[in-house]
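Ready for a little practice at reading a fold and the empty spaces inside it? Have the structure open and work through each exercise before looking at its solution.

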Amino acid sequence: MVGHVGIIASGSCFPALARLPRLAFTERKPFATVAAMGDDPIREWILSEGKATRITRISPVGGGCINSASQYDTDAGSFFVKTNRRIGPSMFEGEALGLGAMYETGTIHVPRPFKVGPLPTGGSFIIMEFIEFGTSRGNQPVLGKKLAEMHKAGKSAKGFGFDVDNTIGSTPQINTWTSDWVQFYGEHRLGYQLKLALEQYGDRSVYDKGQRLVKSMGPLFEGAVIEPCLLHGDLWSGNISSDKNGEPVILDPACYYGHNEAEFGMSWCAGFSGAFYDAYFKVMPKQPGYEKRRDIYLLYHYLNHYNLFGSGYRSSAMSIIDDYLRMLNA
């Protein structure tokens with residue numbers, strides 16, 4: 001989602017992964033209990049489970065419109081920390097579970113999450129691996145290949161969805177496990193965004209036409225073999241970088257298990273090249289009807305941007321809906 005940025009600045013690399021502690025979540029508790037915690041749970045974790053004995057510098061990192069970000073330099077290496085003073089731990093828990101799932105595939109470089117918890121004065125934090133960024137957004141063919149390898153390796157026996165709901169930008173993203181992809185995408189992706197547009201703007205035209213599309217879009221998926229693949233979920237240029245060795249890095253995910261083609265839903269502002277797609281499809285071959293489905297996956301993100309940022313995105317969403325209604329004679 002454009003605007004959902006958590007940029008990691010260049011600096012010292014974190015020590016070798018073998019030394020890194022495991023991800024830990026702080027259990028959600030009533031406010032009275034939370035108030036009894038230390039004044040600075042971030043510092044406490046770094047100086048205990050983070051294996052540091054001294055924090056040498058805390059530097060603000062430029063980021064997005066949702067969270068604040070900082071680099072913590074210590075005698076054990078550097079950590080990247082995001083905080084949000086308004087939202088509880090659930091948002092960062094979803095991000096951490098997604099980063100952890102992508103990390104476990106052993107395919108593409110992602111920042112490894114270590115700790116999520118509440119702040120004593122309200123809000124929440126996430127501590128993760130610090131990655132020293134390179135000077136480019138990475139090699140496009142390598143990005144395509146590694147992304148496809150992640151999709152190929154990250155499978156789910158539970159169907160389409162994720163273990164927790166998370167967010168796409170600041171919009172809730174519902175990930176209830178569903179066995180059928182068309183049902184999942186229609187209900188929890190397009191349907192949810194259409195409902196938001198109706199509630200927020202009273203946009204009956206977008207809602208009614210969008211619901212007609214949801215009920216009629218089944219033929220777009222005929223002939224395709226659709227398996228649940230682990231998706232980053234919010235892959236645009238602001239969430240793609242490279243490490244100091246030039247290897248692609250992806251961050252700030254909105255993960256779930258879905259149709260691999262849905263990963264390209266933010267391609268309108270991701271800058272994917274032809275070489276990216278060529279490398280991707282060598283690992284994950286195109287399915288029949290790929291071209292016809294392309295815009296159905298753009299639609300989810302255009303609707304989300306409409307709901308987040310206003311009418312500037314409405315015409316793009318409506319144009320896609322109208323084109324599909326004509327194509328499907330609906």
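Three exercises on this predicted model follow, each with a worked solution.

**Exercise 1.** Describe the overall make-up of the chain.

*Solution.* Start with the secondary structure: the chain has 9 helices and 12 strands. Next, look at burial: 56% of the 330 residues count as buried, where buried means under 20% relative accessible area. Then turn to the surface, where about 13700 Å² is exposed and carbon and sulfur atoms supply 51% of that area. Finally, check the contacts: among those with a separation of 6 or more, 72% join residues 24 or more positions apart.

**Exercise 2.** Find out which residues and elements line the second largest pocket.

*Solution.* This pocket has a volume of about 160 Å³. Its lining comprises 13 residues, and Ile42, Tyr72, Thr83, Arg85 and Leu119 lie nearest the centre. Now sort by element: helix H2 (41-46), strand E3 (68-74) and strand E4 (77-84) each give two or more residues. Strand E3 gives the most, with 3 residues. By character, the lining splits into 6 nonpolar, 4 polar and 3 charged residues.

**Exercise 3.** Work out what surrounds the second largest cavity.

*Solution.* The structure holds 2 cavities of 30 Å³ or more, and the second largest has a volume of about 30 Å³. Its lining consists of Tyr185, Gly233, Tyr256, Ala262, Tyr297, Tyr300 and His301. Helix H8 (residues 290-309) gives the most to this lining, with 3 residues. Now classify the lining residues: 5 are nonpolar, 2 are polar and none is charged. Remember that Tyr counts as nonpolar and Gly as polar in this tally.

Note on methods
Residues are numbered from 1 along each chain as its sequence is written. This is a predicted model: local features need pLDDT of at least 70, side-chain atom pairs count only at pLDDT 80 or more; totals for chains, interfaces and linings use all residues. Side-chain values use heavy atoms; hydrogens and water are left out. Helices (H or I, at least four residues) and strands (E, at least two) are DSSP runs, numbered from the N terminus. Buried means under 20% relative accessible area, exposed over 50%, partly exposed in between (1.4 Å probe, protein chains only). Contact means heavy atoms within 4.5 Å. Accessible areas come from the Shrake-Rupley method with a 1.4 Å probe; for residues, only the protein chains shown count as cover. On a 1 Å grid over the protein atoms alone, a cavity is a set of points where a 1.4 Å probe fits but cannot get out, and a pocket is an open set with protein on both sides within 12 Å along at least five of seven lines; lining residues have an atom within 4 Å of a point. Grid points are joined across faces, edges and corners, and a volume is the space filled by probe spheres set on the points.
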